[in-house]
Structures are given as C-alpha cells and as structure tokens.
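Hi,

Here is the structure I promised to pass on to you. Could you have a look at it before reading my notes below?

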Amino acid sequence: MTTLPTGLGRPALLPTILVVLYALSILLANLTLDKFIQLPVFGLLSIGTIFFAAVFTLRDRIHQSGGLRTVYLAIALALLVNTVAALLLGTPLRFVGASFLAILVGELADTGVYQSLIHRNWWTRVLASNAVSVPLDSIIFTLLAFWGDMSTRDILQIIFADILAKYLIAALLAFRVRRGQTLQAA
C-alpha cells in the first residue's frame, strides 16, 4: 500500500496508519462475527462488535487527519480486503453480503453526517454521526446475517448488545483520542 501524500510530497503517516487499522478492525470483526457472549440480563454480544466499535472512532480520526477523500479510500479498501479475505476463508456468502452492505451503508451515512457537521466541534460531529451509523450498521448486518437462522428474540438481543457495545466502546475511544489531543495541545 502506498502512503497517502501530504501537500509537501511527504507521506502522511498518521492517516495511512489509521486506514490500515480501520481495515484490520473490520477484518477482525468479520472473523469473529458469529461468536457470542451472553450478557447478564438481555443481549447477545458478538465478539466481532468489540473489534468493530473501534471503526467509528478510527474513521472519524481518518476524516480529521486525512480528509474526506481519505475516508472514502479507507472504506473502499476495507470493503475490498474484507470481501477477499471472507471469500478466501470460505465465509458464508450471507455473512459476506451482510457485512459488505452494512459497512457500505453505515460508513457512508456516518461520513455524510460527519461531513455535514464539519464546521461544528469534534464531539458534535462524532456523537451525531455515530447516532446514525451505529444503529444502521447493527440492524442491517444482524437482520441480513441471522434472519431465518436465529429466533427473533436472539436477533433483538444481538441488535441491542451490538448498539450498546458500539456506543460505549466508540465513546471511550473518542474520549481517549480527544483527551490525548488536548494534552498534546497543552
């Protein structure tokens, strides 16, 4: 993979690293998407969700450090890498299609909301874009991947746990990222 150029002709190392981490997070999520943890009261948490939750903050960081074009490149790269890996590993086509569509719709919706709020503060952009993309991604993926193979109750538990975990993990990562930026600026 080539590094993304900066205006000075030097590689933009941070956006390149973030793009690679973004694609790897989605790959790890897809490799563990059908392994679940039963939550104490209600919820089936996919192990993949734990990895996927980082995607939301990584994409926002890519947007911040590399711009909109780099975000689109990251989404395309993640879709390509994950589709090829899934096909090579014999992942059921149902999971491949569900993942591809959920990533495409969720990530493009998130990016659209984030970009429309680019003039607002970072927290507003992150919270508003996640409020749209997290439920979209969770509902689309879970329905396409598991409808007909799992009970309605289990599907609702997966959607609930996925949304809850994605919000919590993404918020924690966003807080850490923002805190680190504040400390660096001081």
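What follows is a short tour of how helix α2 packs and of the cavities. Please keep in mind that this is a predicted model.

**Helix α2 and its neighbours**

Two packed helices are described by the angle between their axes and the distance between the axes. I have used those two values for each pair below.

Let me begin with α2 (residues 47–66) and α3 (residues 68–88), whose axes come within 7 Å and cross at roughly 140°. That angle makes α2 oblique to α3, and the crossing is right-handed. On the α2 side the contact is made by R59, I62, H63 and G66, and on the α3 side by L68, T70, V71 and A74. By class, this contact has 4 nonpolar, 3 polar and 1 charged residues.

Next come α2 and α4, with axes that come within 11 Å and cross at roughly 40°. These two helices are therefore oblique to each other, and α2 and α4 also cross in the right-handed sense. Helix α2 brings F52, V55, F56, R59, D60, H63 and Q64 to this contact, while α4 brings I103, E107, D110, T111, Y114 and Q115. The residues of the α2–α4 contact divide into 5 nonpolar, 4 polar and 4 charged.

The pair α2 and α5 has axes that come within 11 Å, crossing at roughly 140°. Helices α2 and α5 are therefore oblique to each other, and α2 passes α5 in a right-handed crossing. Here α2 uses F52, F56, R59, D60 and Q64, and the partners on α5 are W122, V126, S129, N130, S133, V134 and D137. The classes for the α2–α5 contact are 5 nonpolar, 4 polar and 3 charged.

If you want a residue to follow through the packing, try R59: it appears in the contact of α2 with α3, in that with α4 and in that with α5.

**The cavities**

Rolling a probe the size of a water molecule over the atoms shows where empty space is left. How many cavities of 30 Å³ or more does the model have? The count comes to 2.

The largest cavity holds about 170 Å³ of space. It is lined by 16 residues, and the closest to its centre are N30, F52, D137, F141 and K166. The elements giving two or more residues to this lining are α1 (13–31), α2, α4 (93–116), α5 (122–146) and α6 (152–185). By class, the lining of the largest cavity has 8 nonpolar, 5 polar and 3 charged residues. Two of the residues closest to the centre of the largest cavity, F52 and D137, will be familiar from the contact of α2 with α5.

About 80 Å³ of space lies in the second largest cavity. Its lining is made up of N30, L33, L79, N82, T83, A86, T91, F95, V96, S99, F100 and I103. Helices α3 and α4 each supply at least two of these lining residues, and the largest share, 5 residues, comes from α4. Which classes are found in this lining? There are 7 nonpolar and 5 polar residues, and no charged ones.

Two residues of the second lining have come up before. N30 lines the second largest cavity and is also among the residues closest to the centre of the largest one. I103, for its part, lines the second largest cavity and takes part in the contact of α4 with α2.

Enjoy looking through it!

Best wishes

Key:
Residues are numbered from 1 along each chain as its sequence is written. This is a predicted model: local features need pLDDT of at least 70, side-chain atom pairs count only at pLDDT 80 or more; totals for chains, interfaces and linings use all residues. Side-chain values use heavy atoms; hydrogens and water are left out. Axes are lines fitted to C-alpha atoms, for helices over the stretch in contact, and angles run from 0 to 180 degrees between N-to-C directions. Helices (H or I, at least four residues) and strands (E, at least two) are DSSP runs, numbered from the N terminus. Angles under 35 degrees count as roughly parallel, over 145 as roughly antiparallel, 65 to 115 as roughly perpendicular and the rest as oblique. A crossing is left-handed if the near helix is turned anticlockwise from the far one by less than a right angle, and right-handed if clockwise. Contact means heavy atoms within 4.5 Å. Ala, Val, Leu, Ile, Met, Phe, Trp, Tyr, Cys and Pro count as nonpolar, Asp, Glu, Lys and Arg as charged, and the others, Gly among them, as polar. On a 1 Å grid over the protein atoms alone, a cavity is a set of points where a 1.4 Å probe fits but cannot get out, and a pocket is an open set with protein on both sides within 12 Å along at least five of seven lines; lining residues have an atom within 4 Å of a point. Grid points are joined across faces, edges and corners, and a volume is the space filled by probe spheres set on the points.
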